[in-house]
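The following exercises concern a sheet, the enclosed space and the aromatic pairs of one protein. Please examine the sequence and the model before reading each solution.

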Amino acid sequence: MIQENNGVFRLDTPNTTYLFHITETGHLEHLYYGQTLNEIGDLEAYRVNTKLRMPTIVNTSDRFPRSYPALTLMETSSFGKGDLREVAFAGEYGENGNTVFDFVYDSYRIEKGCALPSPLPFARRNCSSTLIIQCLDEPTGIILELHYTVFDDCDVITRSCVVCNSGSETLVIRSVSSLQLDLIDTGWEALTLDGAWSRERQICRTPLHSGIFSIQSTAGISSAEHNPLLILNRNSGSYLFNLFWSGDHRESVEVTTYGTLRLLTGINPSTFSYRLKSGECFYTPEAMMAFSPCGEEYVTQTAHFFVRQQVLPEYWSEKERPILLNSWEGMGFDLSEEKIKKQALQAKKLGIELFVIDDGWFRHKQCAVGDLGDWVVAENKFPKGLKSVVSFLHEIGLMAGIWVEPESISLESDLYRTHPEYLVQCPGREPSPGRDQYLLDLTREDVVQVLYQKLENLISDNSFDYLKWDMNRYFSDDYSPDLWMPEFRYRWTIGLYELLRKIRRRFPTLLIEGCASGGGRFDLGMLSYVDQFWGSDNTDATDRLEIFLGTSLGYPQRCFGAHVSKIPNGITGRIYDYETAFAVNAFGAYGYELDVTALTDEEKQIFIDQITFYKQFRNLLQLGTLRRVRNDDTVIWTTENEDATVILALYLEKRTCVSQPKVRTLQVPSCRREVIYRVRTRKQWITAPFPCAMKNGAHLSEVFERIVPGVILCGNGMTLMPVHLGTDMNQDTAFLGDYGSRIFIVEAMGGT
Ligand code: DGJ
């Protein structure tokens with residue numbers, strides 16, 4: 001709900017209130033963002049502006065001698081009128097490059113579920129209204145519109161800006177943040193998701209002190225190094241921010257020496273500028289923010305709900321995703337119709353539902369990366385074309401998927417030979433390869449159209465049900481002949497979105513999985529078009545624990561591509577067991593990525609049992625409400641159905657404590673106190689060599705079933721069997737081993 005009363009704007013989501021007002025100087029002063037306010041009370045209680053005479057810092061104007069932009073909490077900010085912090089807007093206007101801007105309130109309007117005319121992705125506007133505040137910098141005629149979208153059923157507010165040049169000269173935008181939030185500082189911690197290829201989205205916690213903390217991408221895509229998600233924590237609650245942008249982004253948090261904090265998020269100004277001519281408008285990406293007084297875990301659930309309801313493409317958003325077998329880790333480039341048929345037949349027997357033909361299916365002439373850009377099938381591998389393989393897959397009851405990397409081009413391709421101008425390269429410089437390949441110039445409409453046509457043909461001619469959209473190199477050599485180069489990355493990202501939008505419109509039911517050398521572009525921009533995103537090339541289950549943990553802070557598990565791969569793991573060489581690999585990956589969009597024709601009978605049985613279980617509980621595992629209950633030596637994740645009558649719990653011990661048995665407990669906070677539950681383990685296979693050789697070979701784990709009051713489960717937890725310590729092995733011990741795990745099924749039986 002959005003209300004305006006005497007220049008005070010009040011935005012309410014079900015459990016939060018956001019408050020700001022127009023000051024005596026005509027600026028927008030931020031007052032409050034937090035738990036729902038019943039009464040607003042006296043506005044002076046929220047304001048940090050001092051009434052003292054302050055030396056050195058400047059006043060807004062002579063008429064307002066006690067108003068200090070450097071001290072005020074603002075809704076937006078610009079350079080040149082005394083605000084000492086990093087600002088949301090900076091630019092240069094006209095020939096002499098005027099850098100001073102001062103945006104003053106002009107008017108407002110409220111629109112129901114309004115869709116932006118923006119070329120960028122933004123949240124769907126279901127059950128929402130948008131407050132649009134127009135601010136004006138009078139001397140230049142630059143208009144800054146602040147958009148606030150409030151959702152009726154979700155504790156999220158989104159923000160974006162539109163800059164319109166109603167002046168007569170050109171404005172060069174140097175930076176314009178999507179969202180600014182000014183708060184009062186006391187003991188904040190910033191949580192960010194940092195990493196690199198194969199260790200994406202590791203949780204990093206930084207205590208904030210005086211100065212600027214920032215993360216950014218300069219890779220051209222949102223990157224594996226820094227995800228755009230940022231959480232601000234302190235004991236009174238958590239704020240979560242995220243951005244609908246797949247290009248370079250920057251998030252900064254400035255703690256001032258005056259005891260305030262400013263958060264900015266948006267396009268990274270260090271790789272961006274934009275020339276806005278008279279009469280033109282510029283749209284920033286949309287950003288989201290959420291608050292919970294109960295902390296990180298709860299604000300995460302709000303983010304999940306929001307991504308499900310307002311971000312993910314509608315068709316698959318609430319649907320169960322198929323269990324897939326991807327050819328990459330099992331077959332690499334060594335593909336052929338015959339080999340795929342063998343894999344597919346075995347996959348079908350295991351219960352797999354979708355076969356994905358990954359890289360290696362298209363023509364390779366000389367170059368290792370093949371003729372990227374042509375997307376012509378390799379005739380030596382598929383003499384009857386892809387259609388024949390797809391028909392076979394469909395005949396045996398499997399869905400069919402294909403991998404592409406549309407944004408790249410190889411020097412060996414016919415596309416390059418006929419259109420060298422499509423390759424991004426800077427005149428007079430040798431273009432830099434990345435993974436032996438180059439970028440296509442998506443700022444060009446003709447390139448977008450050519451790519452669309454190639455993808456359209458590939459998908460419709462062969463009747464694919466699934467598409468894996470990969471991207472394997474960062475940016476370099478920014479250049480396009482008809483552009484002003486500081487706009488290159490912005491326009492390139494718009495071109496990408498245009499291509500994705502066209503494909504999505506043409507194939508609304510196609511299941512699309514994004515990928516960028518693993519999870520290098522896992523962001524809300526991409527998730528507006530793709531249904532899920534490959535989590536990481538690192539499929540080591542013990543590393544995946546951490547990657548999933550970080551990712552699940554901002555993104556629901558249904559969009560996290562998670563596969564069981566060969567052990568020892570191909571990247572880390574680590575050995576763990578297939579049941580741990582299953583348990584960790586089952587909390588995601590699940591699949592396998594190994595040579596299924598090389599499995600032993602024992603492994604086949606293990607996979608069949610996993611798949612049977614996964615299908616039985618798929619709805620819960622993919623679409624349930626996820627909670628991360630513990631993450632120390634013990635990991636507990638739970639996922640529950642809507643009324644929490646069925647809950648699955650992953651229990652995993654990173655290191656078995658053999659020297660002293662410790663009390664092991666399972667906590668399930670989503671259980672209701674007044675309800676009694678039946679708790680049982682999923683029967684799984686113990687394959688690790690057994691220490692005291694009482695049992696040899698794979699055998700089923702212990703049987704465990706208990707009736708437990710909810711008050712115990714949601715309190716200190718239910719005690720578990722002790723783990724086997726090499727001294728005794730009977731029906732009351734469990735063999736776990738390092739990174740050993742169990743999945744518990746917790747079902748409500750009735751009231752106490
Ligand atoms: C990188 C991806 O992350 C992998 O899953 C695989 O698709 C390869 N590219 C293929 O080149």
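**Exercise 1.** Which residues do ring pairs link into a cluster?

*Solution.* The structure is a predicted model, in which local features need pLDDT of at least 70 and side-chain atom pairs count only at pLDDT 80 or more, while totals for chains, interfaces and linings use all residues. Residues are numbered from 1 along each chain as its sequence is written, and side-chain values use heavy atoms, with hydrogens and water left out. Rings of Phe, Tyr and Trp (its six-membered ring) pair if their centres lie within 6.5 Å; planes under 30 degrees apart are stacked, over 60 edge-to-face, and the rest tilted. The cluster comprises Phe9, Tyr18, Phe20, Tyr33, Tyr105, Tyr108, Tyr148, Trp188, Tyr239, Phe241 and Phe291.

**Exercise 2.** State how many aromatic pairs the rule yields, and analyse the pair of Tyr274 and Tyr490.

*Solution.* The count is 49 aromatic pairs. Tyr274 and Tyr490 meet edge-to-face, with 5.5 Å centre to centre and 80° between the planes. Tyr274 belongs to strand 18 (residues 274-276) and Tyr490 to helix 8 (residues 488-506), so this pair ties together parts 216 residues apart in sequence. Helices (H or I, at least four residues) and strands (E, at least two) are DSSP runs, numbered from the N terminus. Tyr274 has 9% relative accessibility and counts as buried; Tyr490, at 6%, also counts as buried. Buried means under 20% relative accessible area (1.4 Å probe, protein chains only).

**Exercise 3.** Describe the open sheet of four strands.

*Solution.* The strand order is 1-2-3-4, with antiparallel pairing. Its edge strands, strand 1 (2-5) and strand 4 (28-35), each pair on one side only. Two strands pair if DSSP finds at least two bridges between them. Strand 3 (residues 16-22) and strand 4 are antiparallel over seven bridges. In this pairing, His21 stands opposite Glu29 of strand 4.

**Exercise 4.** How much space lies in the largest cavity, and which residues are closest to its centre?

*Solution.* A cavity is a set of points, on a 1 Å grid over the protein atoms alone, where a 1.4 Å probe fits but cannot get out; lining residues have an atom within 4 Å of a point. The structure holds five cavities of 30 Å³ or more. The largest has about 270 Å³ of space. Among its 22 lining residues, His27, Thr60, Pro69, Met74 and Asp102 are the closest to the centre.

Technical notes
On a 1 Å grid over the protein atoms alone, a cavity is a set of points where a 1.4 Å probe fits but cannot get out, and a pocket is an open set with protein on both sides within 12 Å along at least five of seven lines; lining residues have an atom within 4 Å of a point. Grid points are joined across faces, edges and corners, and a volume is the space filled by probe spheres set on the points. Buried means under 20% relative accessible area, exposed over 50%, partly exposed in between (1.4 Å probe, protein chains only).
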